[in-house]
Amino acid sequence: FVIHKCVAVRHAIKAAKLGADMISMDGFDCGGHPGEEDVGNWVLAPIAAKKLTIPFVVSGGCADGKQLAAALAMGAEGINMGTAFMATTEAPLRQEIKDAIVKASERDTTHIFRTLNNTERVFKNATAMKVREIEFANPGDFSKIAPYVKGENYRKSFQETGDTESSVWSCGQSIGLIDEIKPCKKMIQDVVDEAADIIRTRLPSML
């Protein structure tokens with residue numbers, strides 16, 4: 001069973017033709033690489049529902065049951081969460097990283113690699129802002145920022161030091177929705193329960 005990540009519906013259509021079984025439609029809200037389309041989930045998901053012939057899930061900025069209910073309403077089969085799992089008790093990250101996610105707001109991410117056509121959404125910290133400064137002074141020149149963005153930097157942050165400022169690391173705008181660190185099972189159940197409550201109680205009252 002193949003689930004293929006796409007940031008554009010035209011790519012998802014092609015993936016379906018090539019045999020993908022399901023699509024993860026990644027909106028611009030997502031952490032990591034959202035592509036260069038700059039289209040958020042509120043528009044991307046309904047277009048996917050209209051044009052795709054295979055199932056899809058909404059990915060990017062997802063962390064609660066309201067979003068799950070909305071994704072189902074827009075034609076998706078569910079949601080894909082990444083940053084939300086970083087803030088779980090089981091996540092193999094230093095506690096300082098998890099605490100930073102909980103304390104952050106939806107405004108605490110930024111983009112790097114824009115001039116390289118390889119956009120990445122990362123935690124807005126001192127290193128990320130330094131990378132942005134260097135990149136825009138030297139557009140398209142990866143060599144200027146390479147020392148600041150190498151994977152070993154954030155491996156040390158995640159696994160050894162817990163320093164939230166000394167590396168660039170991916171996270172989505174969903175950090176604004178994460179208020180506490182939970183076990184995975186409870187986090188998932190809370191999302192499902194909230195969505196179910198909305199669908200059973202709030203939505204019928206609108207009819």
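Here is a quick tour of a few spots worth finding in this structure. Keep in mind that the model is predicted. We'll look at a pair of helices, a residue in helix 1, two loop residues with a positive phi, and a nonpolar patch on the surface.

**Two helices side by side**

- Start with helix 6 (residues 126–137) and helix 7 (residues 142–149), whose axes come within 9 Å and cross at roughly 175 degrees.
- Angles over 145 degrees count as roughly antiparallel, so helix 6 is roughly antiparallel to helix 7.
- On the helix 6 side, the contact is made by Thr 127, Lys 130, Val 131, Ile 134 and Glu 135.
- Helix 7 brings Lys 144, Ile 145, Tyr 148 and Val 149 to that contact.

**A buried alanine in helix 1**

- Ala 12 sits in helix 1, which covers residues 9–17.
- Its relative accessibility is 0%, so Ala 12 counts as buried.
- Who touches it? Setting aside neighbours within four places in sequence, Ala 12 is in contact with Cys 6, Ile 23, Met 25 and Leu 52.
- Have a look at Thr 53 too: it is 41 residues away from Ala 12 along the chain, and the C-alpha atoms of the two are separated by 9.9 Å.

**Two loop residues with a positive phi**

- As background, most residues other than glycine have a negative phi.
- Asp 38 isn't a glycine, yet it has a positive phi of about 60 degrees.
- You'll find Asp 38 in the loop between strand 2 (22–26) and helix 2 (41–51).
- With 37% relative accessibility, Asp 38 counts as partly exposed.
- Phe 113 isn't a glycine either, and it has a positive phi of about 65 degrees.
- Look for Phe 113 in the loop that runs between strand 5 (109–112) and strand 6 (120–123).
- Is Phe 113 buried or exposed? Its relative accessibility is 8%, and the cut-off for buried is under 20%, so Phe 113 counts as buried.

**A nonpolar patch on the surface**

- Leu 72, Ile 199, Leu 203 and Met 206 form a nonpolar patch on the surface.
- Together, these four residues have about 340 Å² of accessible area.
- Where is Met 206 found? It belongs to the segment after helix 9 (184–202).
- Met 206 has 52% relative accessibility, and the cut-off for exposed is over 50%, so Met 206 counts as exposed.

Technical notes: Residues are numbered from 1 along each chain as its sequence is written. This is a predicted model: local features need pLDDT of at least 70, side-chain atom pairs count only at pLDDT 80 or more; totals for chains, interfaces and linings use all residues. Side-chain values use heavy atoms; hydrogens and water are left out. Patches are made of residues with over 30% relative accessible area and no salt bridge: like charges are joined within 9 Å, nonpolar side chains (Val, Leu, Ile, Met, Phe, Trp, Tyr) within 5 Å. Accessible areas come from the Shrake-Rupley method with a 1.4 Å probe; for residues, only the protein chains shown count as cover. A salt bridge is a side-chain nitrogen of Lys or Arg within 4 Å of a carboxyl oxygen of Asp or Glu. Helices (H or I, at least four residues) and strands (E, at least two) are DSSP runs, numbered from the N terminus. Buried means under 20% relative accessible area, exposed over 50%, partly exposed in between (1.4 Å probe, protein chains only). Axes are lines fitted to C-alpha atoms, for helices over the stretch in contact, and angles run from 0 to 180 degrees between N-to-C directions. Angles under 35 degrees count as roughly parallel, over 145 as roughly antiparallel, 65 to 115 as roughly perpendicular and the rest as oblique. Contact means heavy atoms within 4.5 Å.
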